[in-house]
Amino acid sequence: MSSGSVFSRFSNFMFSKDFVKYVCSTHFWGPVSNFGIPIAAVMDTKKDPVLISGAMTGSLVVYSLVFMRYSMAITPRNYLLFGCHFVNECAQLVQGFRFVNYWYLNGDKKAESAPITK
């Protein structure tokens, strides 16, 4: 297969009526704009666990579970939305475990016994 045919097939796909219709729909832009939540959650895994809100993390876990189910229940299925909420679910579960470890499983005792450095 020559590179010209690969480029031609890719070009035909990118400018097809169906692809343009998809990119101009809420099935595409909804999940794309929603990806800010999981990106922020993944970035927050490096921050101090004292900053984690248990209530917000729990809410986001439930929110992502509901919308993962929703993305598979609608027609046509929205795999981009599912992927967005799957990443968010994983990141929020990590944050939830960090919260529980710090506040309820003596993670704070380790932090208190560590020397404070500036």
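**Exercise 1. Place S64 and decide whether it is buried or exposed.**

Solution. S64 is found in helix α5; helices here are DSSP runs of H or I with at least four residues, numbered from the N terminus. Its relative accessibility is 0%, so S64 counts as buried (buried means under 20% relative accessible area, exposed over 50%, partly exposed in between, with a 1.4 Å probe and protein chains only). Leaving aside residues up to four places away in sequence, S64 touches H85, N88 and E89, where contact means heavy atoms within 4.5 Å.

The model is predicted: local features need pLDDT of at least 70, side-chain atom pairs count only at pLDDT 80 or more, and totals for chains, interfaces and linings use all residues. Residues are numbered from 1 along each chain as its sequence is written, and side-chain values use heavy atoms, with hydrogens and water left out.

**Exercise 2. Check the span of helix α5 and find which residues are buried.**

Solution. Step one: α5 covers residues 54-73, which is 20 residues. The expected span is 1.5 Å times one less than the number of residues, so α5 should span 28 Å; the end C-alpha atoms lie 29 Å apart, which agrees.

Step two: the buried residues of α5 are T57, L60, V61, S64, M68 and S71. These residues cover an arc of only 105° around the axis, and therefore sit on the same side of α5; the arc is taken from the directions from the helix axis to the C-beta atoms.

Step three: the buried residues of α5 pack against α4 (36-44) and α6 (79-104). On the face turned away from the buried side, α5 carries the exposed residues A55 and R69.

**Exercise 3. Describe the loop that follows α5.**

Solution. P76 lies in the loop between α5 and α6. The peptide bond from T75 to P76 is cis, with omega near -5°.

**Exercise 4. Find the place of F28 and the residues that it touches.**

Solution. F28 belongs to helix α3 (residues 26-34). Not counting residues up to four places away in sequence, F28 touches Y22, V23 and L80. F28 and Y79 are 51 residues apart in sequence, yet their C-alpha atoms are 9.7 Å apart in space.

Methods:
Helix = DSSP H or I, 4+ residues; strand = E, 2+ residues; numbered from the N terminus.
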